[in-house]
Amino acid sequence: MSNEVELSEKLIRSRQRLSPAVSPPLRKEEGEGGCGVIGIACNEKIAGRHLLQSLAQMRNRGNGKGGGIAAVGLAAGELGVTQNILENDYLLSVAYLDPGARTEVERTSIVPTFEIDSVFQVPHVDAEQSLPTLEVCPPEVVLYFVRVKANAIGKFQEENGLGLSTCSEALLSHIEDEIIYQNSYRLNRAFYASEGEKRAFVLSHGKNLLVLKMVGYGDDVVRYYQLENFHAHVWIGHHRYPTKGRVWHPGGAHPFAGLHEALVHNGDFANYASICEHLAQRNIQPLFLTDTEVSVLVFDLLHRTYGYPLEYVFEALAPTTERDFTLLPEEKQRIYRQLQTTHIHGSPDGPWFFLVAHSDPVERAYRLIGITDTSMLRPQVFALQQGDVSIGFAASEKQAIDAALESLSREDARFWSRADLYWNARGGSHTDGGAFVFRVHPGSPQAKDGPSGVEHACNGSAEFACTDKFGRSIQANQTKMPFHNNPSANTVASPPDVPAQELFTWVKDRVRSWSPDSLLEFLRGLERSASSNENRKRAFEVLTLLMDRRYPTGRLRRSCLLSAFDQSLVNVVASIRRSPSKAFAVVTADDDLSRAIADCETLVLDAIGFAPEGECSLARAIVRLYQQGHRRFAIARAKGQRFIANGLGPDTSGLRIDVYGSPGDYLASGIDGAEVVVHGSGQDQVAQIMKDGRLCIYGDVGQTFLYAAKGGEAFVLGNAAGRPLINAVGHPRVVINGTCLDYLAESCMAGDPLHGGGFVVVNGVSFDDDGRLFELDTPYPGCNLFSLSSGGAIYLRDPHGKVSEDQLNGGQFAPMQAADWALIRPYLEENERLFGIPLQQLLQINGPALSGEQIYRKVQPHALQALQAEEAWVKMQS
Amino acid sequence: MSAKPESIEQIIAQKHIECLHRGFHVWPALEYGKPPAMGDSRWTADLILSTWMQAETGQPPSNGLEYRTGQSGGGFDVLHLKFLPPEHWLADDAAIDLSIPLNRRDYDRQIRIPVPFYGAGMSYGSISENVMLARAMAARKWDTFTCTGEGGYPESLVSYKDHVITQIATGMFGVREETIQCAPIIEFKYAQGAKPGLGGHLLGDKATTTVAQMRESVPWVSLFSPFPFHSVYSVEDHKKHIDWVKTINPAALVSVKVSTPTDIDMVTVGSYYAGAHIVQIDGSYGGTGAAPEIAKKNIAMPTELAIPRVHRYLVAEGIRDELVVMASGGLRTAHDIAKVIALGADGAILGTAELVALGCTRCSNCERGRGCPFGLTTTDPELQRLVEPEWGAARLSNLYQSFQSELRTILRQLGLQNIRDLRGRKDLLLYRGDVKAS
């Protein structure tokens, strides 16, 4: 123990000479806060081109003034080195803004301290030709594969009292790490951060880790540095949204490197000065003056210098607090309290979501880490797909993950377009700790690259695991087999000639024993039959039911089924486009919408090609077509298009919009009478200020669901994230079958539900992979129920009394009465009709059937001390 | 006043109104000297009374009332305009242009107002519908704007919609697609720390049945407007907000109202990149009458510090002429307006000054339902009758008239022919911190 402490202290002391005794900065120089991030971890190396679509679809989260990527677990051959060098040498990546500086940089800052085993010049395209929108010419990048010279190590040991005689491998490694770190610091100070011109800086210096960044979007980086065919196990990508600085420098873009890790950040925290102080006390001075940089410096300090396991690093960054803390086991409380006391000033305060690409040269493992702040203020989605290849994701938006899967599955049949699992992290919680780690550990030597840009390992792929902060494992249900949606399936089976509902039941009964071929035969048959109006409607309806409902799927992996249904729908839409019929017409982004489209029952909009926002967006197209008189829409293949069903104005009852694919944010915001059905999940800000109408989501929703909603009905099959129904007024009536992260119904003012006001029912149930309903651990894991609220009610399905008093902030339990049950029962009946969740089953899990009043508990806001004595007069008015 | 009195209440109300109006006339005329306990060092008795006089006559007072500055010993009161010697003044009949554009970008609709000011957001609930109507009528007459504030868009204002800005604030009260669609300018209000309670707080006794109807809440229960937008915690969320509004009303201009934290320059630039046309910098002197003094006066930066900083920063960024910067926060007189423009703003937004014109004496009882002696900051159906919209509109119109005349005089005496040339001319300001305003 004391050896490690001693080492930490000596390493920290050794930095004293690095910088003059100046006060740490009080202000960030670079202002930012916005950003979009995506991270991928795969047990086989994947090519950089698979990031392009995700980054392109998240461009609205950046402003083109900074973008970057980090890659970990690289392919030695692509960098002109042996595997041995790749794993054991430090990959010193230097950006030259002034190519003329190279000689001087090498002479002063590289050659003296390092043995250079290899040098690699990163290739790039001609910016003017290929990327004319770039404002600033990206830097030339040279990679140096180095080890620290023996005499430099010796010198360091001597100067810092790290005696020669007791030197282990591990200690030498620490020393080498520290020398690398300090050398890069000096290089950056000399060539970038000093008063003169910015000439060069170190992008990264870890082992088997590469950072590239520039003034541009994240996808520009992939294109400029020709990373389309560059492979790695772990990627993180970032768009920056800086708001300060007229002359943009690549040094301000993310990712920032610690030592063996690189970090990207979405958010903006308030205590930059405090964190700088915390670091300054450990002789660490930031150079690039952004909050992201200090985040990774803190990460490196905790993980490398102090040697904390990742769990403690997460705790120090996002402390467990309030009720979640009290639910931790005692031993954890003891340690966490110590961590918090020591590190609270180095904990970022504010909205943040970090993605870290981490190279672990000791374990020879690569990690993608996603950590979210305790208040859960930034959107974050994690996902996992495990078939022949295992792949994990973390991103700002679900549609970015779907875009990456789409890109991979187009080229490689071992991937398919839907993840097995999607989830959100609960920041600072006792449940998952708000952090997830995807770990890749290659066992055997790597093999050649296949044509699809994903390597085929000869002797089996690397190990892959996903764990939360506490080490609990998350994995897909491997008992069900994935299968490929082979487009050239030979046989076609004609579906029986029965109406949609019957056909759906027919499929449902058979799918549990079908092989992949049988399923695909059926789908091809269904598509082929979809030539007449009736059969097209039937195909749409059957496919929709197959996507929406839950049922046993036998050996078949559900996400692959969904992927196949998605594709089938696309094929049906394509055939309609080729030969439109009375019931359907297909509109694409290429069509001229100023001319009236012929009347038809359902207008299908193929979302591909529509901009995510703006005049040429899908949302505005829907408005225009609605104004032409169309009243029934189906949106196919949504890929992050935003604001769907916005801008339609008042009184839209009679309008119905079905959405298929991955919609972007603000879906159904402001609707006033329309019916919007999403055959999948929504993202953030769904149904903001919704006034009237109905919303039905066959999946999950993201942050601030129904923010300031005024009325209408909403049914959600899955979960909501943070702050659902916040600031709601009037009379929205909502059923959420899953659960929510936290802050449910904060500031809700929706009156008395028994007299026309609003309410939300939370059932706390979910479906397993075989379509069986089960209870979640608790209907509501968070706190702050009804915080600052004055109206509305929450009906929790809580037969086991899991929800406790200390989860209520402004709320109180109220007796559940006949009138309450009579109020919510019709909604639960509708819920049954929509989702196939039988009311009877809700009243009867693991036991005899009980009454609604026994199963459900009512929470309402505290009786407010509304008026003071002298205001007694107002009562006369009501 | 209106037609024959119907009832004893009507008679009493009328007499009350007559008395109030007589007071608004008599006190500034100094028939009884100055009221001994009126005002404070920012809004002195002189400033309040001279505002009343301008609201009555359409001209600044000529009986010795100080109508240009207060006695606060700081802020605009120690900044003086450096007028030229009279021989260099422009002729009395010189055409002076006071107009400013509200959109400096080269896309989206162009709106221009003939005077460099418009009315601040004051919500239905905080003030009465009659006051809102008065403001809307004056705005239409002067081809400028007023703002609904956060409480929703009353039906009676719809006929004035071309002159009404609608506000989207953190509680999103009364925000519906149709209110967004009928407004030429949408104002996002970010950050309201200086209000009683956590963010904006409309106390229960002001949340009348009508207010509740407009906000779709329950009557007589306090309403909270949180201090952050729960969907905006990062600058790209702010951009999404603007994208959202543009999806609903592509033709609208977007204004972003922000407070003045120490990184106000970064906030402004962020708004610029997000697509805002107008940034309203709301300094520390103003604020709702309903907030406790300690909160109001100790939060954020004073206007006269924030504006030159933002102006200088935007100039350095090269984007000053693509963004309209409006200043608000305790701007009381035409001289304050001129000074804030000289510091770097494009124009000014008036809040309290308009209420003073309607009779406010700054007694700070605004937060209670029946606290306002003049029927301004109330939604009580009886009390609000003290302000008749037509009368109120005439008062405001006169005030604008007086401001227009004063601004022209100021520009003439500075040798400038239009208000836009005054922008950023700090060299025309003199700081005289040790000299009391004469």
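How many residues of domain 1 of chain B are in contact with how many residues of domain 2 of chain B? We will reach that spot at the end of the tour; keep in mind along the way that this is a predicted model.

**Stop 1: chain A as a whole**

Start by selecting chain A and colouring it by secondary structure. You should find 22 helices and 33 strands. With 878 residues, chain A has a radius of gyration of 28 Å, close to the 29 Å from the globule rule, so it is as compact as a globular protein of that length. Turn it around: along the principal axes, its C-alpha atoms fill a box of roughly 80 × 75 × 50 Å. Of the residues in chain A, 57% count as buried. If you look at contacts between residues at least 6 apart in sequence, 67% of them join residues at least 24 apart.

**Stop 2: a sheet in chain A**

Next, select β9, β10, β11, β12, β16 and β17 of chain A. They make an open sheet of 6 strands, in that order, with antiparallel pairing. Strands of a sheet pair through backbone hydrogen bonds. Look for the edges at β9 (256-257) and β17 (463-468) of chain A, each of which pairs on one side only.

Now zoom in on residues 365-372 and 435-441 of chain A. These are β12 and β16, an antiparallel pair joined over 6 bridges. Show the side chains of A:Leu368 and A:Phe438: A:Leu368 stands opposite A:Phe438, which belongs to β16.

Then add residues 291-305 of chain A. This is helix α10, lying across β9, β10 and β11 (352-360) of chain A and running at about 135° to β10.

**Stop 3: where the chains touch**

Bring chain B back into view. Here 59 residues of chain A are in contact with 44 residues of chain B. On the chain A side, highlight β1 (34-47), β10 (261-267) and α19 (618-628), the elements that each give two or more residues. Coloured by class, this side of chain A shows 20 nonpolar, 24 polar and 15 charged residues.

**Stop 4: inside chain B**

Finally, hide chain A and give two colours to chain B: one for domain 1 (23-81), another for domain 2 (100-431). The centres of these two domains of chain B, taken over C-alpha atoms, are 23 Å apart. Here is the reply to the opening question: 26 residues of domain 1 of chain B are in contact with 29 residues of domain 2 of chain B. On the domain 1 side, select α2 (45-57) and β1 (79-81) of chain B, which each supply at least two residues. Helix α2 of chain B gives the most, with 7 residues. By class, that side of domain 1 holds 12 nonpolar, 10 polar and 4 charged residues.

How values were computed:
Residues are numbered from 1 along each chain as its sequence is written. Chains are lettered from A and ligands numbered from 1 in the order in which they are written. This is a predicted model: local features need pLDDT of at least 70, side-chain atom pairs count only at pLDDT 80 or more; totals for chains, interfaces and linings use all residues. Two residues are in contact if their C-beta atoms, placed from the backbone, lie within 7 Å. Helices (H or I, at least four residues) and strands (E, at least two) are DSSP runs, numbered from the N terminus. Ala, Val, Leu, Ile, Met, Phe, Trp, Tyr, Cys and Pro count as nonpolar, Asp, Glu, Lys and Arg as charged, and the others, Gly among them, as polar. The radius of gyration is taken over C-alpha atoms; the globule rule is 2.2 Å times the number of residues to the power 0.38. A residue is buried if 20 or more other C-beta atoms lie within 10 Å of its own, exposed if 12 or fewer, and partly exposed in between; C-beta atoms are placed from the backbone. Two strands pair if DSSP finds at least two bridges between them. Axes are lines fitted to C-alpha atoms, for helices over the stretch in contact, and angles run from 0 to 180 degrees between N-to-C directions. Domain bounds come from an automatic or database domain assignment.
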